[in-house]
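Visitor: Can you walk me through this one? Short answers are fine.

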Amino acid sequence: MSQRYYPAESSSRGARRPFGRAATTPSTPSEPAFSDSGYGGSISEDVRNFDLSELSELNEDMPMPPRISLPALGADATDGDRRQHQMHVQQMHYNQNRVALSRSIYRTIDTLEGLQNMNQTWPIHYPAVQRTESSPMQRKTSVTDDFFTPDTTGSPSRERFAPPRRALTSFDRQPTRNSRSGTPEPRLMSPQISQEFNILKLDLRIGSLSQSELVHSLEKESIASLLDNKLTQAIKHLRSLRDRIEDTASKVLVTGDLNAGKSTFCNALLRKKILPEDQQPCTEIFCEVLDCRINNGVEEVHAIFKGATYDRMDERTFEARPLKDLEDIVIMVDKYSQAKVYVEDSRPIEQSLLRNGVVDIALIDAPGLNMDSVQTTAVFARQEEIDVVVFVVSAENHFTLSAKEFLWNAANEKAYLFIVVNRFDNIRDKVRCQRMILEQIANISPQTFNDSQDLVHFVSSNAVIDGKDPDKSHDFDNLENSLRGFVLDKRARSKLGPAKSYLLNLLQDIEQLALINNNIAGRELDSLRSDLARLMPKYDESVKARIAVSDECDRQIEDTCNAVYRNSRREISRTIEDVDKAHQIPWRGVFNSFKFAEETRRAMLESITRAVVEAENGARRSTVSGVGAINALGVLHLNQEYVEKTFRPDFMFKKKRDALGRNIKTQLDAFDFFDFDRQEKVAGMSMSLTVLSVAGSRMFNISSWVDGVVQATNIVGIRNAKRLIIPAIIAGVGAAAYWIISDVQRAIPKKLAKKIKRELAEMDYVHQNSERISKEVRKVLRFPAEELRSGFQKNIEGLKVKKEEATKRKGECEVAVKYFGNLLRESREHAGVVRRYDLEAASNH
Ligand SMILES: Nc1nc2c(ncn2[C@@H]2O[C@H](COP(=O)(O)OP(=O)(O)OP(=O)(O)O)[C@@H](O)[C@H]2O)c(=O)[nH]1
């Protein structure tokens, strides 16, 4: 009857297509109904081909694709028609939600990848947040609060940072597992899901440091890198959620004590003896029963080799064997890890469990629980693909220790738990048995006990296939309907619920990150702008000041050196000029005249040296004040950045003066004792003195002596000459000797001074020394001047670097402000869209 709405073939395909496409895309009969991923045939391709530009439509207040209404049922519709109709409506809503969630997942992955890229260029700030014990959905503000002050502009970037709060999902409003009030939906609040409320929370617990302490002790880059890992994990998780919601299959794990009748129960559900049943425990590996259409319609067993990852297309991973071999396979625990059992369920789709036209159910028959297998089965039950756990317990044995342990764990971890009390036919006092078992269930899983009407069933599985006892079959039909409803009705929430809540929490985290980073980037941008406004004129001023100060230094050096040169020259010249007056050597008679001459010479040179030293001292004083003036300029313009070097004036003029002094080689000679120039002036033109003068001047030269005599004879006549010559000679010699001797004391200083002056003039002594002194001064003054210049240079370069860095950072902040502002808007709006996905509607129809 239901074929009126969904022809058998297209209905199953319709279940795997995004809503709306099934109606527009004609299905091809030859198209494989299932992909290799088991049930496959998902909407993944359609969603992957989804054009991102379509996202704009999600921004509208229309979270779901337009709904298609099914034609109303006629008055002649049977119960079966109505049930089938209801299932199709559920499936339709389920598909709408599934497609919408898939789109949201892709959109969020895109957002996270963008965030990762941003994190590379602008390391994302991570808030040091802690949750309060009392309110796990609220984050506490902490040290980052100071970034946020009341906004007067109203711009999103200046929003006051409110304590981050988690989005209110439909689950948020539910009471906790142990809560007694409100509509209980505790099975959806598994610890794993609630942990995911902190999706982007970094695990920073190291040693005794708290998270907020660590956030501050870690480098921004380290946080960014940790966050990057977290984003990668979130993207990975989103992809697995997407795979999960796109998987149309639902897996039911059937487990329980050894020999409780699990295999018999599975066979009863299939209405076929597929799995081996035995008095002895026999199932030792997990057997998954699937519709054989997945396996191209071939009924067979794929015994998966131990350690291999099953791939239906790769025969190296399994051994294909006929169904009849299953009996042997289930005990070959050393060779096989699992068996995939492909069977034909030829019942009409409203009766079939594996192929019911709405959802594809796979039954997994687990090995019986014992102390060894309880952990393995618990791990298996935790797998994401397991939507429902059916626990089979023997009415005769009740719950063993292993059973209780498993149920305690499963009740905590699994969303849906279904308990089948089997072998009820063997119980005589059925009421007492029911009461006792329900009491035990109340202790083990209060939630299952609360819903025991739907979740706990007392049946006899072995009576179902032969159908001899209609009462027992009826009980089993009830169980089957409950189980089917349980799987189908709750599937939206079991599959889509986690994706929705994960998305909401993730979007909430993204929103918080966007808000915080938008604020921080905005504040940083403001501060950079004011930094730049301060830096620019400071930089220009510094450049100008450097030129002015450099000129000032040059002028200072030049003035000081010129003054030093002039002063030195004046000082030394004056001393040399008066050098003959400088000596104070006492005259100790003609016989000590040589010693007198020597001491006089030394005294004269010493007085010149003293003058040079005096000039140097004057230069030192000028240098000290020059250095002081330059240092003052440095302190004035560079403040702390200018470091004054200690100046030691006594270190100046150490070497060159001595070298120059050694160059004065003034030596004594005989002429230094006589001043003939003066004798000529005093004696006039008298003959005798002339003769004496001539004779005196030539007295050390014999040929000149003879010439002098001949000359004198010519003048006075030979006769007179003969008479006068002797006394004249005697008188002349005497006078000359007397004069010479009496003039030595005066002649020596005069001659020496003259000689020294001449020598110094030849050496250009005055200029040389003045030049040397002023050069030394220039050299000394250049040092602080260079220091000052390099200080300025450093200062300017520092300002330039700061300016460039601030400009670059400003650009980055502008990008960040825009990016996080958009991200904030987008994540809020997207969270609103996701929040409006009404998963409840799918199950309430
Ligand atoms: N009387 C009665 N016997 C049952 C019922 N269900 C199963 N049995 C029998 O119980 C025995 C064990 O059944 P199985 O289905 O092999 O039990 P199992 O839990 O799969 O066993 P293992 O997987 O080996 O632990 C078989 O002989 C079944 O015929 C039932 O409802 N009533």
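Visitor: What phi does N639 take, just after α17?
Guide: A positive one, about 50°. Helices here are DSSP runs of H or I, at least four residues, strands are E runs of at least two, and both are numbered from the N terminus. This is a predicted model: local features need pLDDT of at least 70, side-chain atom pairs count only at pLDDT 80 or more, and totals for chains, interfaces and linings use all residues. Residues are numbered from 1 along each chain as its sequence is written.

Visitor: How far does α17 reach?
Guide: 66 Å from first C-alpha to last, over 46 residues. That is close to the 68 Å expected at 1.5 Å a residue (1.5 Å times one less than the number of residues).

Visitor: At what angle do α17 and α23 cross?
Guide: Roughly 10°, with the axes of α17 (593–638) and α23 (765–835) coming within 10 Å. Axes are lines fitted to C-alpha atoms, for helices over the stretch in contact, and angles run from 0 to 180 degrees between N-to-C directions. So α17 is roughly parallel to α23 (angles under 35 degrees count as that).

Visitor: Now the sheet. What is the strand order?
Guide: β6-β5-β7-β4-β8-β3-β9-β10-β11, an open sheet of 9 strands with mixed pairing. Strands pair if DSSP finds at least two bridges between them. The edges are β6 (318–321) and β11 (456–458), each pairing on one side only. The twist averages 20° from one strand to the next.

Visitor: And what packs on that sheet?
Guide: Helix α11 (373–382) does, touching β3, β4 and β9. Contact needs C-beta atoms, placed from the backbone, within 7 Å. The direction of α11 makes about 160° with that of β3.

Visitor: How many bridges join β5 to β7?
Guide: 6, and the two strands run antiparallel. H302 has K340 as its bridge partner in β7. β5 and β6 are also antiparallel, over 4 bridges. There, I304 is partnered by F318.

Visitor: Switching to the ligand. Which residues come nearest?
Guide: G261, S263, T264, T283 and G368, of 22 around the ligand. Near means a C-beta atom, placed from the backbone, within 6 Å. Helix α9 (262–270) gives the largest share of the shell, 3 residues.

Conventions. Parallel < 35°, antiparallel > 145°, perpendicular 65-115°, else oblique. Contact = placed C-beta atoms within 7 Å.
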